[in-house]
Amino acid sequence: MKKTTSAIIAIITLAAAIGAEAATAKKVRAQTPSAVPAAGAATAAGDAVRGKTLFTQRCGICHSTDPAEAMQGPSLGGLIGRKSGGESHFAGYSKALTAAAITWSPATLDGFLEAPTKVVPGTMMVIASAQPKDRADLIAYLATVK
Ligand code: HEC
(Lines give C-alpha, C1' and ligand atoms only; values in the text may rest on other atoms or scores of the structure.)
Protein backbone atom coordinates (compact mmCIF):
# COMPACT_ATOMS: atom_id res chain seq x y z
CA MET A 1 0.00 0.00 0.00
CA LYS A 2 2.74 2.40 1.01
CA LYS A 3 4.78 1.36 -2.00
CA THR A 4 1.89 2.07 -4.36
CA THR A 5 1.38 5.52 -2.83
CA SER A 6 5.01 6.51 -3.19
CA ALA A 7 5.08 5.17 -6.75
CA ILE A 8 2.05 7.31 -7.59
CA ILE A 9 3.68 10.36 -6.00
CA ALA A 10 6.84 9.70 -8.02
CA ILE A 11 4.81 9.52 -11.25
CA ILE A 12 2.94 12.73 -10.45
CA THR A 13 6.22 14.53 -9.65
CA LEU A 14 7.73 13.28 -12.90
CA ALA A 15 4.65 14.30 -14.90
CA ALA A 16 4.78 17.77 -13.35
CA ALA A 17 8.47 18.08 -14.23
CA ILE A 18 7.85 17.00 -17.81
CA GLY A 19 4.93 19.42 -18.06
CA ALA A 20 7.07 22.30 -16.82
CA GLU A 21 9.80 21.40 -19.29
CA ALA A 22 7.36 21.23 -22.20
CA ALA A 23 5.97 24.63 -21.21
CA THR A 24 9.49 26.10 -21.15
CA ALA A 25 10.29 24.58 -24.54
CA LYS A 26 7.07 26.05 -25.98
CA LYS A 27 7.95 29.47 -24.59
CA VAL A 28 11.43 29.27 -26.10
CA ARG A 29 9.98 28.31 -29.47
CA ALA A 30 7.42 31.11 -29.27
CA GLN A 31 10.14 33.68 -28.57
CA THR A 32 12.47 32.63 -31.36
CA PRO A 33 11.33 32.65 -34.96
CA SER A 34 13.94 30.18 -36.28
CA ALA A 35 13.93 26.42 -35.69
CA VAL A 36 17.22 26.64 -33.79
CA PRO A 37 16.84 29.03 -30.85
CA ALA A 38 19.43 31.74 -30.33
CA ALA A 39 22.19 31.05 -27.80
CA GLY A 40 20.50 33.43 -25.36
CA ALA A 41 17.57 31.03 -25.06
CA ALA A 42 19.80 28.26 -23.74
CA THR A 43 20.09 27.50 -20.06
CA ALA A 44 23.42 26.68 -18.41
CA ALA A 45 22.30 23.06 -18.22
CA GLY A 46 21.89 22.83 -22.00
CA ASP A 47 19.17 23.64 -24.46
CA ALA A 48 16.99 20.59 -25.08
CA VAL A 49 15.25 22.19 -28.08
CA ARG A 50 18.52 22.75 -29.90
CA GLY A 51 19.66 19.33 -28.67
CA LYS A 52 16.73 17.68 -30.40
CA THR A 53 17.66 19.34 -33.69
CA LEU A 54 21.28 18.22 -33.29
CA PHE A 55 20.14 14.71 -32.41
CA THR A 56 18.02 14.51 -35.57
CA GLN A 57 20.90 15.77 -37.70
CA ARG A 58 23.80 13.82 -36.19
CA CYS A 59 22.49 10.83 -34.29
CA GLY A 60 19.05 9.94 -35.68
CA ILE A 61 20.45 7.99 -38.62
CA CYS A 62 21.68 5.34 -36.14
CA HIS A 63 19.68 5.96 -32.94
CA SER A 64 15.98 6.09 -32.15
CA THR A 65 14.59 7.42 -28.87
CA ASP A 66 11.75 4.90 -28.92
CA PRO A 67 12.86 2.40 -26.25
CA ALA A 68 11.92 -0.63 -28.34
CA GLU A 69 13.53 0.51 -31.59
CA ALA A 70 17.01 -0.79 -32.35
CA MET A 71 18.67 0.73 -35.40
CA GLN A 72 22.36 0.56 -36.32
CA GLY A 73 22.85 1.75 -32.73
CA PRO A 74 20.78 1.15 -29.58
CA SER A 75 17.75 3.26 -28.65
CA LEU A 76 18.78 6.25 -26.55
CA GLY A 77 15.36 6.53 -24.90
CA GLY A 78 15.75 6.23 -21.13
CA LEU A 79 19.53 6.49 -21.41
CA ILE A 80 20.22 8.44 -18.20
CA GLY A 81 20.72 6.00 -15.34
CA ARG A 82 21.24 3.02 -17.66
CA LYS A 83 24.46 0.96 -17.84
CA SER A 84 26.52 1.15 -21.03
CA GLY A 85 25.56 -1.72 -23.31
CA GLY A 86 22.31 -2.13 -21.39
CA GLU A 87 19.51 -1.55 -23.93
CA SER A 88 17.81 -4.96 -24.05
CA HIS A 89 16.34 -4.59 -27.58
CA PHE A 90 19.76 -4.00 -29.17
CA ALA A 91 21.82 -7.09 -29.99
CA GLY A 92 24.83 -5.41 -31.63
CA TYR A 93 26.82 -4.02 -28.67
CA SER A 94 30.59 -4.34 -28.67
CA LYS A 95 32.17 -6.27 -25.81
CA ALA A 96 34.13 -3.11 -25.02
CA LEU A 97 31.08 -0.95 -24.33
CA THR A 98 29.35 -3.62 -22.24
CA ALA A 99 32.51 -4.37 -20.25
CA ALA A 100 33.06 -0.65 -19.58
CA ALA A 101 29.93 -0.79 -17.35
CA ILE A 102 29.56 2.99 -17.31
CA THR A 103 26.38 4.36 -15.70
CA TRP A 104 25.13 7.06 -18.07
CA SER A 105 24.77 10.44 -16.38
CA PRO A 106 25.22 13.96 -17.79
CA ALA A 107 28.86 13.82 -16.64
CA THR A 108 29.74 10.38 -18.03
CA LEU A 109 27.92 11.17 -21.29
CA ASP A 110 29.83 14.43 -21.66
CA GLY A 111 33.15 12.58 -21.52
CA PHE A 112 32.01 9.73 -23.77
CA LEU A 113 30.48 11.98 -26.43
CA GLU A 114 33.59 14.15 -26.56
CA ALA A 115 35.85 11.21 -27.40
CA PRO A 116 33.99 7.88 -27.42
CA THR A 117 36.87 5.78 -28.73
CA LYS A 118 39.26 7.21 -26.13
CA VAL A 119 36.89 6.65 -23.19
CA VAL A 120 35.94 3.18 -24.44
CA PRO A 121 38.65 1.81 -26.73
CA GLY A 122 37.05 -0.70 -29.10
CA THR A 123 33.57 0.83 -29.11
CA MET A 124 31.73 0.97 -32.43
CA MET A 125 30.28 4.35 -31.49
CA VAL A 126 32.73 6.60 -33.29
CA ILE A 127 30.77 9.86 -33.60
CA ALA A 128 32.57 12.48 -31.48
CA SER A 129 31.01 15.84 -30.56
CA ALA A 130 33.88 18.26 -30.05
CA GLN A 131 31.87 21.35 -29.00
CA PRO A 132 30.96 21.51 -25.27
CA LYS A 133 27.76 23.45 -26.09
CA ASP A 134 26.64 20.77 -28.56
CA ARG A 135 27.22 18.06 -25.95
CA ALA A 136 25.35 19.99 -23.25
CA ASP A 137 22.39 20.50 -25.59
CA LEU A 138 22.38 16.87 -26.75
CA ILE A 139 22.50 15.66 -23.13
CA ALA A 140 19.70 18.06 -22.12
CA TYR A 141 17.59 16.60 -24.91
CA LEU A 142 18.47 12.98 -24.07
CA ALA A 143 17.43 13.62 -20.46
CA THR A 144 13.91 14.45 -21.71
CA VAL A 145 13.41 11.18 -23.60
CA LYS A 146 12.48 8.58 -21.03
C1 HEC B 1 26.95 5.65 -37.63
C2 HEC B 1 26.02 5.28 -36.59
C3 HEC B 1 25.99 6.10 -35.32
C4 HEC B 1 25.82 7.47 -35.18
C5 HEC B 1 25.68 8.51 -36.28
C6 HEC B 1 25.80 7.73 -33.76
N7 HEC B 1 25.94 6.56 -33.06
FE8 HEC B 1 25.89 6.37 -31.02
N9 HEC B 1 26.19 4.35 -31.21
C10 HEC B 1 26.32 3.66 -32.41
C11 HEC B 1 26.59 2.26 -32.15
C12 HEC B 1 26.80 1.16 -33.19
C13 HEC B 1 26.62 2.13 -30.75
C14 HEC B 1 26.96 0.86 -29.94
C15 HEC B 1 28.46 0.95 -29.72
C16 HEC B 1 29.11 -0.25 -29.07
O17 HEC B 1 28.40 -1.21 -28.72
O18 HEC B 1 30.34 -0.21 -28.91
C19 HEC B 1 26.36 3.46 -30.19
C20 HEC B 1 26.29 3.74 -28.84
C21 HEC B 1 25.99 4.98 -28.30
C22 HEC B 1 25.84 5.25 -26.89
C23 HEC B 1 25.91 4.22 -25.76
C24 HEC B 1 24.51 3.62 -25.60
C25 HEC B 1 24.36 2.51 -24.60
O26 HEC B 1 23.26 1.92 -24.57
O27 HEC B 1 25.29 2.22 -23.83
C28 HEC B 1 25.54 6.57 -26.76
C29 HEC B 1 25.30 7.34 -25.49
C30 HEC B 1 25.51 7.13 -28.10
N31 HEC B 1 25.80 6.12 -29.01
C32 HEC B 1 25.23 8.44 -28.38
C33 HEC B 1 25.23 8.99 -29.68
C34 HEC B 1 24.96 10.38 -29.95
C35 HEC B 1 24.57 11.42 -28.92
C36 HEC B 1 25.10 10.53 -31.30
C37 HEC B 1 24.99 11.82 -32.10
C38 HEC B 1 25.86 12.91 -31.70
C39 HEC B 1 25.44 9.24 -31.85
N40 HEC B 1 25.50 8.34 -30.84
C41 HEC B 1 25.64 8.98 -33.21
C42 HEC B 1 26.20 4.20 -33.67
C43 HEC B 1 26.05 5.55 -33.97
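How many helices and strands are there in the protein? There are six helices and zero strands, where both are DSSP runs (H or I over at least four residues for a helix, E over at least two for a strand), numbered from the N terminus. This is a predicted model, in which local features need pLDDT of at least 70 and side-chain atom pairs count only at pLDDT 80 or more, while totals for chains, interfaces and linings use all residues. Residues are numbered from 1 along each chain as its sequence is written.

**Overall picture**
- Starting at the N terminus, the elements go α-α-α-α-α-α.
- The protein has 146 residues, and 22% of them count as buried (20 or more other C-beta atoms within 10 Å of the residue's own, with C-beta atoms placed from the backbone).
- Take the contacts (C-beta atoms, placed from the backbone, within 7 Å) between residues at least 6 apart in sequence: 39% of them join residues at least 24 apart.

**The core**
- The largest nonpolar core (buried Ala, Val, Leu, Ile, Met, Phe, Trp, Tyr and Cys residues joined through C-beta atoms within 7 Å) has 16 residues, and Leu138, Ile139, Ala140, Tyr141 and Leu142 have the most contacts inside it.
- Helices H2 (48-58), H4 (106-114) and H6 (132-142) each chip in at least two residues of this core, with H6 giving the largest share, six residues.
- Leaving out residues up to four places away in sequence, Ile139 touches Gly46, Pro106, Leu109 and Asp110.

**Around Leu97**
- Leu97 sits in helix H3 (residues 95-100).
- Leu97 counts as buried because 22 other C-beta atoms lie within 10 Å.
- Beyond residues up to four places away in sequence, Leu97 touches Ser84, Gly85, Val120 and Thr123.
- Leu97 and Gly85 are 12 residues apart along the chain, and their C-alpha atoms are separated by 5.7 Å.

Terms used. A residue is buried if 20 or more other C-beta atoms lie within 10 Å of its own, exposed if 12 or fewer, and partly exposed in between; C-beta atoms are placed from the backbone. Two residues are in contact if their C-beta atoms, placed from the backbone, lie within 7 Å.
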